[in-house]
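New to this one? Have a look at the chain first, and then we can walk through it together.

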Amino acid sequence: CSCISQGNVGVVEQFGKFQGYVEPGISLFWPLVQNVREVSLAVRQIECHTECKTKDNATLTVRTAVQYRINKRMVKQAIYDIEDPQAQIRAAV
């Protein structure tokens, strides 16, 4: 039995492999076979610093705040496929 808090989803693994996700509330699972891990869907923010050069060759640093969250339909990709999402976001900015 597992209780998933509001604003989170439970990632269900069976023998270490992704099986799906469960919505907030109480869910039942087989403790020896399945594992449920709680993942937050809250909005997160990171700050990125980027150096830019103007037309008159002056260098300035721009601070950018990026907000992101996990889409529950893509929780498998967010948890298993992306190794370091914050580093990838910083690289894209």
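What follows is a set of questions and answers about this predicted model.

Q: In what order do the strands of the open sheet of three strands come?
A: Start at the edges, where β3 (17–22) and β5 (34–40) each pair on one side only. That leaves β2 for the middle of this antiparallel sheet, and the twist from one strand to the next averages 30°. The order is β3-β2-β5.

Q: Which residue in β5 does V9 stand opposite?
A: Strand β2 covers residues 8–14. It runs antiparallel to β5, and seven bridges join the two. Across from V9 in β5 stands V39.

Q: Which six residues make up the largest nonpolar core?
A: The facing residues V9 and V39 are both members of this core. V11 belongs to it too, and V11 touches V39 and V75, among others. The full set is V9, V11, V39, L41, I70 and V75.

Q: How many residues are in the other core, the one that lies apart?
A: Its members include I46, V66, Y68 and I89. Two of these, I46 and V66, stand opposite each other, with V66 in β7. The count for this core is five residues.

Q: How many bridges join β6 to β7?
A: These two strands, β6 (44–53) and β7 (59–68), form a hairpin with five residues between them. They run antiparallel. The number of bridges joining them is ten.

Q: Which residue in the turn of the β6 and β7 hairpin has a positive phi?
A: Most residues other than glycine have a negative phi. This one has a positive phi of about 60° although it is not a glycine. It sits in the loop between β6 and β7, and the residue is N57.

Q: Is N57 buried or exposed?
A: Residues over 50% relative accessible area count as exposed. N57 comes in at 57% relative accessibility. That makes N57 exposed.

Q: Where is F15, the residue whose phi is near 55°?
A: That phi is a positive value in a residue other than glycine. F15 also counts as exposed, at 64% relative accessibility. Its place is in the loop between β2 and β3.

Q: What kind of aromatic pair do F18 and Y80 form?
A: A search of the whole structure finds one aromatic pair. The ring centres of F18 and Y80 are 5.8 Å apart, and their planes lie at 65°. Planes over 60 degrees apart count as edge-to-face, so the F18 and Y80 pair is edge-to-face.

Q: How many residues apart in sequence are the parts that F18 and Y80 tie together?
A: F18 lies in strand β3, while Y80 lies in helix α1 (residues 75–81). Both are partly exposed, F18 with a relative accessible area of 25% and Y80 with 31%. The pair ties together parts whose separation in sequence is 62 residues.

Q: What distance separates the C-alpha atoms of K76 and V11?
A: K76 is found in helix α1, and it is partly exposed, with a relative accessible area of 38%. Leaving aside neighbours within four places in sequence, K76 is in contact with F18 and D81. K76 and V11 are 65 residues apart along the chain, yet their C-alpha atoms are separated by 8.1 Å.

Q: Is S27 buried or exposed?
A: S27 lies in strand β4 (residues 25–27). Not counting residues up to four places away in sequence, it touches C1, S2 and V22. Its relative accessible area is 11%, and the limit for this class is under 20%, so S27 is buried.

Q: How many disulfides does the model have?
A: A disulfide is a covalent bond between the sulfur atoms of two cysteines. The cut-off for the two sulfur atoms is within 2.5 Å. With that rule, the count comes to zero disulfides.

Q: Which cysteine has the sulfur nearest to that of C52?
A: C52 is in no disulfide. It is partly exposed, with a relative accessible area of 32%. The nearest cysteine sulfur is 12 Å away, and it belongs to C48.

How values were computed: Residues numbered from 1 in each chain as written. Predicted model: local features only at pLDDT ≥ 70, side-chain atom pairs only at ≥ 80, totals over all residues. Heavy atoms only, no water. Buried < 20%, exposed > 50% of the residue type's maximum accessible area, 1.4 Å probe, protein only. Pairing = 2+ DSSP bridges. Helix = DSSP H or I, 4+ residues; strand = E, 2+ residues; numbered from the N terminus. Axes fitted to C-alpha atoms, helices over the stretch in contact; angles between N-to-C directions. Phe/Tyr/Trp six-rings, centres within 6.5 Å; stacked < 30°, edge-to-face > 60°. Core = buried A, V, L, I, M, F, W, Y, C linked by side-chain atoms within 4.5 Å. Contact = heavy atoms within 4.5 Å.
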